[in-house]
Amino acid sequence: MLCVVVLNYSDYKTTIEFVNSVINYEIIDHIVIVDNCSPDSSYEKLATIYKNHEDVVDVIRTKRNGGYGYGNNYGVNYCIEKYGAQHILISNPDVEVEEITIKKCLDYLMQYKECAVVSPVMLNHDMTLNKRCVWKKPTYWEYLFFSLTLMGRFFQGMYYSIDSFDKDNQAVKVGCVAGSLLMVDAQKMVTAGMYDENIFLYCEETVLGIKMHNAGFYSALLLKERFVHHHSVSINKSIKSKMRQVVLMWKSRLYVLNNYYPNNLLIGMFNYLIAGIALCETFLLGQIKKNTKKNKGRK
């Protein structure tokens, strides 16, 4: 039994495009659209559109907008309880994936019993390789510094170089995979503890990778399979401010640093200091870009 969980938040058009692209795939038994308590009419529109497809598509709504992890956990639990799903494809609505790729993910999970999560290689919208779609379980220093403009240059070792993998291999074991499209073994997902619902958005994939590792499972990347991710289409529609996105990302990262890595009062204070520096960087770079655009417009 293979179910697909796709999370919608105030972006029903993108969700419809995705669902319509996979609805006729024979390998999929059920598609569960989880509306994460959208403030617009997304739930009503989706429920109406797929009313005549209830044998394949379920449209459900969460009780609150608890974020990415909460919404996907809601869908995973629904698939397990209603359909007894053994494998679940968790997908953003802003992706494109072929049926053969989904089949390859399912085949791998069924063959390798210690694997809990599997994902194809991610391509960007322009069909270039996304070089940050898989990474190692990051060390404390890597996770704290990797996204800083200056210091981050010295802490990029957590990312795998996909080009360096042996192309003769079907798959490789990795620490974490991007959350835009991944397939999970449902029971292993439950055993590992599922997504941490204290995280609203961002950083969920790293925590999931840590949880799987701690539970004795591993994640895998299928080297010969691809999917396309139209990055952050839904996020940019619901959170339009770049600064707000970065603030939310650092709130999540601080939670991870404080709860999944060794911590004490001094370390916690240091974490907040680095977060403050990162936010200042983001603000200053944003101002520089605005001024550059203004100057170009005057010419």
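Buried means under 20% relative accessible area, exposed means over 50%, and partly exposed is in between, with a 1.4 Å probe and protein chains only. The model shown here is predicted, so local features need pLDDT of at least 70 and side-chain atom pairs count only at pLDDT 80 or more, whereas totals for chains, interfaces and linings use all residues. Residues are numbered from 1 along each chain as its sequence is written, and side-chain values use heavy atoms, with hydrogens and water left out.

**View 1. Trp 135 meets Tyr 159 in an edge-to-face pair.** Rings of Phe, Tyr and Trp (its six-membered ring) count as a pair if their centres lie within 6.5 Å; planes under 30 degrees apart are stacked, over 60 edge-to-face, and the rest tilted. By this rule the count comes to 14 aromatic pairs. In the pair of Trp 135 and Tyr 159, the centres are 6.3 Å apart and the planes are at 65°. Trp 135 belongs to strand 7 (residues 134-135) and Tyr 159 to the loop between helix 5 (140-145) and strand 8 (171-174), so the pair ties together parts 24 residues apart in sequence. Helices (H or I, at least four residues) and strands (E, at least two) are DSSP runs, numbered from the N terminus. Tyr 159 counts as buried at 16% relative accessibility, and Trp 135 is buried too, at 7%.

**View 2. Tyr 143 and Tyr 261 make a stacked pair.** Here the ring centres are 6.1 Å apart, with 20° between the planes. Tyr 143 is in helix 5 and Tyr 261 in the loop between helix 9 (242-260) and helix 10 (265-298), so this pair ties together parts that are 118 residues apart in sequence. Tyr 143 and Tyr 261 are both buried. Step back a little and you find a cluster linked by ring pairs: Trp 135, Tyr 143, Phe 146, Tyr 159 and Tyr 261.

**View 3. Arg 64 lies over the face of Tyr 70.** A charge sits over a ring if NZ of Lys or CZ of Arg is within 6 Å of the ring centre and within 35 degrees of the ring normal. For Arg 64 over Tyr 70, the distance from the ring centre is 4.2 Å. Lys 188 lies over the face of Phe 217, at 5.8 Å from the ring centre.

**View 4. Strand 10 is largely enclosed by the rest of the structure.** In strand 10 (residues 181-185), 5 of the 5 residues are buried. Leu 181, Met 183 and Asp 185 are buried on one side, and Leu 182 and Val 184 on the other. Two strands pair if DSSP finds at least two bridges between them. Strand 4 (residues 87-91) pairs with strand 10 in the antiparallel sense over 5 bridges, while strand 6 (residues 115-123) does so over 2 bridges, also antiparallel. Look for Met 183, the bridge partner of Leu 89 and of Val 118.

**View 5. Cys 133 and Cys 176 have no disulfide partner within reach.** A disulfide is a pair of cysteine sulfur atoms within 2.5 Å, and a search of the whole structure finds 0. The closest cysteine sulfur to that of Cys 133 is in Cys 176, 12 Å away and too far for a bond. For Cys 176, the closest is in Cys 203, at 11 Å, again too far for a bond. Cys 133 is buried at 3% relative accessible area, as is Cys 176 at 1%.
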